[in-house]
Each structure stands twice: as C-alpha cells, then as structure tokens.
Amino acid sequence: MAKQTEELKAAIKNRDSMYAILAHDLRSPISSLKMIFNILAVKAEEENNGYSAMVNTGNDIAEQLFSVLDNLLKWTKSSLGILSFIPQQIHLKDLILGVVETLQPSANLKHINLDLELQQGLEIFFDVDIMKSILRNLLINAVKFSHEDSVVKLTLHQDGDWAVVEVIDSGVGMSAPAQEQLQKQIFRHDAVTAMGEKGTGMGLWVVSHFIHAHQGEFFFESEENVGSRFGFKVKLSTGDLSV
C-alpha cells in the first residue's frame with residue numbers, strides 16, 4: 001500500500017511537471033501572437049479599413065489562450081513548489097493601465113466601456129508578472145460575463161495602509177450555489193481544486209492564492225442577473241501617498 005501511494009505521488013508530480021513544461025513552451029509563442037494582434041488592432045483602428053472587428057476577435061482569442069496557459073503554468077509550478085516570486089516596487093496605476101490597454105480589444109468586441117477610477121501614487125512591493133496575471137484574470141472574467149454595450153468599472157484607491165482594487169460589472173452575476181462552489185474552490189490555499197463549469201476557477205484561484213499568500217485579502221460579491229464585484233487589497237509599500 002505504501003509503495004502504491006509513493007508511485008501515485010510520483011505519477012502526480014510527473015504529470016504536473018509535464019503540464020508546467022507544456023504551458024511554458026506554449027506561453028512564449030502565444031505571447032508573441034498576442035503582441036502581433038495588439039499592433040494590428042491599433043493599425044486597423046487608425047486606418048479604418050474594415051478589419052478592426054476581425055483583428056479584435058483574433059486578439060481576444062490570443063489573449064484568452066495566453067491567460068489559460070499563464071494560469072496553468074502558475075498552478076503547476078505552485079503545486080511543484082518551484083514558482084519563483086521576485087517582488088519589486090510597483091506603481092499600481094501604471095501597471096493597471098498597461099493591462100487595460102492589452103485587454104481593450106476584447107472589451108471593444110462587446111462594446112464594453114472600461115471605466116477607470118485610479119488613484120495616483122499608490123505603490124506596492126509585489127511580483128510584476130503575478131500582479132499582471134491577477135489583474136488580467138479579474139478583467140477577463142468581468143468582460144466575459146458582461147452584457148454587450150455595458151460598463152466594467154475598475155477602481156484603485158487607498159484605504160489606510162492598503163491599496164484596494166475592485167472590478168465591478170453589471171453582467172450575468174452568480175447564483176448562491178455557484179458562489180458557494182466558488183468559495184470552496186478558491187479559498188483552499190493549500191491546493192488547487194477542481195475548476196468550475198464556467199471556467200473561472202483556475203483564474204480566480206491564481207488571484208486568491210497569490211493575494212492571500214502575500215498577506216493580502218481577496219473578496220467578491222455577486223447577484224444573479226445583476227452583476228459582480230471582485231477585488232483585493234494589498235499592503236502599500238510606503239505611507240502618506242498622495243491622491
């Protein structure tokens with residue numbers, strides 16, 4: 001029995017290693033493809049040549065593929081205990097604006113207005129790549145589950161010693177059972193749990209896991225057919241920051 005248990009553990013570890021390698025190898029070309037589509041989307045808008053919707057669709061597909069692979073890579077590396085975390089000083093507003101710019105074509109496809117209310121001067125000490133993944137996951141979910149011609153609001157403000165980020169939509173929302181299931185999936189910080197039917201589980205696990213792992217707080221509230229509010233708070237790296 002002990003031998004079978006060890007063999008099972010080894011098999012799981014080998015599987016996770018394979019996932020990590022696969023996600024890593026695919027992440028780079030998808031990232032390059034995403035960059036190409038971003039450039040083409042800007043050019044198509046400027047030249048008004050009729051290709052804008054088509055290019056934005058391609059950009060959206062590349063963005064979603066990149067996000068899935070990025071989440072898978074962080075999931076497997078975290079499970080294996082080999083995910084590196086290299087914190088540095090981050091101007092949170094600038095980072096948010098960069099992520100929003102890459103996701104703008106996806107929002108344009110559904111005629112969604114990204115309404116930003118971002119406080120100046122808030123700095124945190126965090127890993128840049130992981131924080132980009134956190135922001136990207138929250139925004140992708142908000143756009144995905146929003147109705148066409150609606151608004152997704154993204155706010156950044158200071159609350160005492162914390163920087164608080166919130167993403168608010170008026171989309172499909174979640175039922176009470178769905179919220180309970182999501183709670184079970186994302187608030188187990190010791191392991192990655194099964195993903196939900198709508199595909200939000202892995203991305204929100206990345207958000208919750210890394211925010212909590214670094215002494216932050218992740219929160220959400222939702223109402224079916226009304227919308228959702230997802231957010232997090234992380235410690236500011238300095239005090240007395242200006243508006």
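**A phenylalanine cluster, an enclosed helix and two unusual loop residues**

At 6% relative accessibility, phenylalanine 218 falls under the 20% cut-off and therefore counts as buried. This residue of the predicted model makes a good starting point, as it belongs to an aromatic cluster formed together with Phe220 and Phe230. Both partners are likewise shielded: phenylalanine 220 is buried at 13% relative accessibility, and phenylalanine 230 is buried with a relative accessible area of 12%.

Across the whole structure, a search returns 5 aromatic pairs. In one of them, the ring centres of phenylalanine 218 and phenylalanine 220 lie 6.4 Å apart with the planes at 35°, so this pair is classed as tilted. The rings of phenylalanine 218 and phenylalanine 230 have centres 6.3 Å apart and planes at 25°; an angle under 30 degrees counts as stacked, so that is the class of this pair. The stacked pair also bridges distant parts of the chain, with phenylalanine 218 in strand 6 (residues 217-223) and phenylalanine 230 in strand 7 (residues 227-235), 12 residues apart.

The loop between strand 6 and strand 7 holds asparagine 225. In contrast to the buried phenylalanines, asparagine 225 is exposed, with a relative accessible area of 64%. Its backbone deserves a look too: phi of asparagine 225 is near 65°, a positive value in a residue other than glycine. Most residues other than glycine have a negative phi. Aspartate 149 offers another example, with a positive phi near 55°. Aspartate 149 sits in the loop between helix 4 and strand 4 (151-159) and is exposed, at 61% relative accessible area.

Helix 4 itself covers residues 128-144. At 1.5 Å a residue, its 17 residues should span 24 Å, and the end C-alpha atoms are indeed 24 Å apart, so expectation and model agree. Of these 17 residues, 13 are buried, which means that helix 4 is largely enclosed by the rest of the structure. At the start of the helix, a side-chain oxygen of aspartate 127 comes to within 3.0 Å of the backbone nitrogen of aspartate 129.

Turning to helix 1 (residues 2-47), isoleucine 39 is found within this element. Its relative accessible area of 49% lies between the 20% and 50% cut-offs, so isoleucine 39 is partly exposed. The C-alpha atom of isoleucine 39 is separated by 10.0 Å from that of threonine 102, a residue 63 positions away along the chain.

Conventions. Residues numbered from 1 in each chain as written. Predicted model: local features only at pLDDT ≥ 70, side-chain atom pairs only at ≥ 80, totals over all residues. Heavy atoms only, no water. Helix = DSSP H or I, 4+ residues; strand = E, 2+ residues; numbered from the N terminus. Expected span 1.5 Å × (residues − 1). Buried < 20%, exposed > 50% of the residue type's maximum accessible area, 1.4 Å probe, protein only. Polar contact = N/O pair within 3.5 Å; in protein donor to acceptor, adjacent residues only side chain to side chain. Phe/Tyr/Trp six-rings, centres within 6.5 Å; stacked < 30°, edge-to-face > 60°.
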